[in-house]
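Trainee: I would like a close look at one part of this structure, taken slowly. Please start with a small detail of the backbone and then lead me on to the rings and the spaces inside.

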Amino acid sequence: MLPANAEASNPSDSDTIENVDVYHDSHAETIAGHEEDHAPPGWTVLPFIILLLMIATGPLFYEHFWHKNYPKVAVAFAAMVVLYYLFVLGNTHGPVHALAEYVQFISLLAALYIASGGIMIDIDKKATPMANVILLVTGAVISNLIGTTGASMLLIRPFMRLNKTRLKAYHVIFFIFLVSNIGGSLTPIGDPPLFLGFLKGVPFFWTLEHNIVPWAVAIILLVIVFYWFDSHNKSNYGLSDEEITYSNKIKLVGARNFFWLGLVIASVFLDPNVISWVPAIEYHGQKFSFLRELIMLFVAFLSFKLANKKAIQGNEFSFEPIREVAFIFIGIFGTMMPALELVGGFAASPAGAKLISHNTLYWGTGILSGFLDNAPTYINFLTAALASQGGEITKLNDVVAFANGGVFHDSVLDLKAISIAAVFFGAFTYIGNGPNFMVKSIAEQIGLKMPSFFGYIIRFSIPFLLPLLLVIWLIFFAFI
């Protein structure tokens, strides 16, 4: 086992690797013995695969059934897997962790969504490519302060209103790329996977220090592509032949809800693993927060009840987007346990550990983050990366040492690869990150026809996002 003060030690690389190898041999045996009792068989990933296929095909081929029954479908698939874990595998650990992560996930998303829904920003200005670029970059920065969910909910309606005479699907897709995902790479508040990493022990400013250059490169490249697109958009859906006059003013209604947003952000730091006096639920030596989540949900309730009614009406606020996310992600969190466990178990095995490098972590974390939700994928690959060198995700000192470097081999680069991939690839599909689905739902509510699940991937992710992800890998990881 690594010493309690591991983060303070600085052994030579050879000593470190030798000690880690010795530890890993015994640790791998423990993992192997544990997996004999609790590892799920391969076929248990089928509910997850079927659910993903239904999410992709439902709105296309059986829309009425899907919109009416997706809550029942998601809960039913999740229940099948959870019950199998509990009563066949005798594994309570996986479902308890999945439940805790889901509650953390949905509490933060719901609070940010509802609080920001009471703030209406009306930009009475002619839409131009440069105005759109400024708004998107502003959103990418703000997402690090109020989360990708908060920034998305705060700005998606103003962004669509600004472009009301020329709005197309690509506007919303690039908004998802920039504001709902990649923008939030610089702080743990920014995106759920980084928040979970912070809860496990990654220092708060680690992401800002290590992710800012890849973040800047990605933002610049994406806004260049968007600007080209927007410059060629000559659409004009004006309601009359008269020329529209603009006041060039920005109107803010419901500013009081910024106070509620501030409370939600402040509550993020009430982590019982960091602050000892914060009450928690202890399970197998681990502390699970509940005070933070209660505060978030209570703030969400108050922020809606006390919100400015003009802002609520002006935003055409509805609970349907967060309801859809809540049910869809019950299914995802419940059914993806076997997939994550099988991947993580292999990565922690001696054979899998040999394959782990910053390059495989980048592509492995990334690909799964696009389809399995990036928050638990981040944790799973961080767990695997630590386990491959004898560390444990449940030990705070191990996580701190892994983030700071000097104890585990190439750990800083490994964590950077996991962090960048989890956030950036989260934009690859509608289910890669929670805000994606909500932004899509809001856009569809105003009548904008959005691409289907596969249409999003084929028309936008593959031709525009994938080359960016390849460039980021080539610049920051491939040749290091």
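Mentor: Let's begin with a word we need: a helix here is a DSSP run of H or I with at least four residues, and helices are numbered from the N terminus. Keep in mind that this is a predicted model.

With that in hand, find the loop between α11 (309–314) and α12 (320–335), because glutamate 316 is found there. Its phi is near 50°, a positive value in a residue other than glycine. Why is that worth a pause? Most residues other than glycine have a negative phi. Glutamate 316 has a relative accessible area of 54%, and exposed means over 50%, so this residue counts as exposed.

Now look for a second case. Aspartate 410 has a positive phi too, near 55°, and lies in the loop between α17 (396–404) and α18. Its relative accessibility is 40%, which makes aspartate 410 partly exposed.

Go back to α11 for a moment. Lysine 309 has its charged end over the ring of phenylalanine 304, 5.9 Å from the ring centre. A similar arrangement involves lysine 440, which lies over the face of tyrosine 430 at 5.2 Å from the ring centre. Tyr430 also belongs to a cluster linked by ring pairs, along with Tyr170, Phe174, Phe177, Phe226, Trp228, Phe229, Phe437, Tyr456, Phe460 and Phe464.

That brings us to the rings in general, where the count comes to 37 aromatic pairs. Take tyrosine 283 and phenylalanine 288: their ring centres are 6.4 Å apart and their planes meet at 40°, so this pair is tilted. Tyrosine 283 is buried at 17% relative accessible area, and phenylalanine 288 is buried as well, at 12%.

For contrast, try tyrosine 362 and phenylalanine 425, with ring centres 5.6 Å apart and planes at 80°, so the pair is edge-to-face. Tyrosine 362 sits in α15 (residues 358–372) and phenylalanine 425 in α18 (residues 411–425), so the pair ties together parts that are 63 residues apart in sequence. Both partners are hidden: tyrosine 362 is buried at 0% relative accessibility, and phenylalanine 425 is buried at 3%.

Last come the spaces inside. There are three cavities of 30 Å³ or more, and the largest has a volume of about 70 Å³. Around the largest cavity you will find Glu101, Gln104, Phe105, Leu108, Leu109, Pro192, Phe195, Leu196, Phe333 and Ala375. Helix α4 (93–117) and helix α7 (192–200) each supply at least two of these lining residues, and α4 gives the most, with five. By class, this lining has eight nonpolar residues, one polar and one charged.

The second largest cavity holds about 40 Å³ of space. Among the residues lining the second largest cavity are Leu112, Gly147, Thr148, Thr149, Ile189, Gly190 and Asp191. Leu108, Leu109 and Pro192 line both cavities. Here α4 and α5 (129–162) each supply at least two lining residues, and the lining of the second largest cavity divides into five nonpolar, four polar and one charged.

How values were computed:
Residues are numbered from 1 along each chain as its sequence is written. This is a predicted model: local features need pLDDT of at least 70, side-chain atom pairs count only at pLDDT 80 or more; totals for chains, interfaces and linings use all residues. Side-chain values use heavy atoms; hydrogens and water are left out. On a 1 Å grid over the protein atoms alone, a cavity is a set of points where a 1.4 Å probe fits but cannot get out, and a pocket is an open set with protein on both sides within 12 Å along at least five of seven lines; lining residues have an atom within 4 Å of a point. Grid points are joined across faces, edges and corners, and a volume is the space filled by probe spheres set on the points. Ala, Val, Leu, Ile, Met, Phe, Trp, Tyr, Cys and Pro count as nonpolar, Asp, Glu, Lys and Arg as charged, and the others, Gly among them, as polar. Rings of Phe, Tyr and Trp (its six-membered ring) pair if their centres lie within 6.5 Å; planes under 30 degrees apart count as stacked, over 60 as edge-to-face and the rest as tilted. Buried means under 20% relative accessible area, exposed over 50%, partly exposed in between (1.4 Å probe, protein chains only). A charge sits over a ring if NZ of Lys or CZ of Arg is within 6 Å of the ring centre and within 35 degrees of the ring normal.
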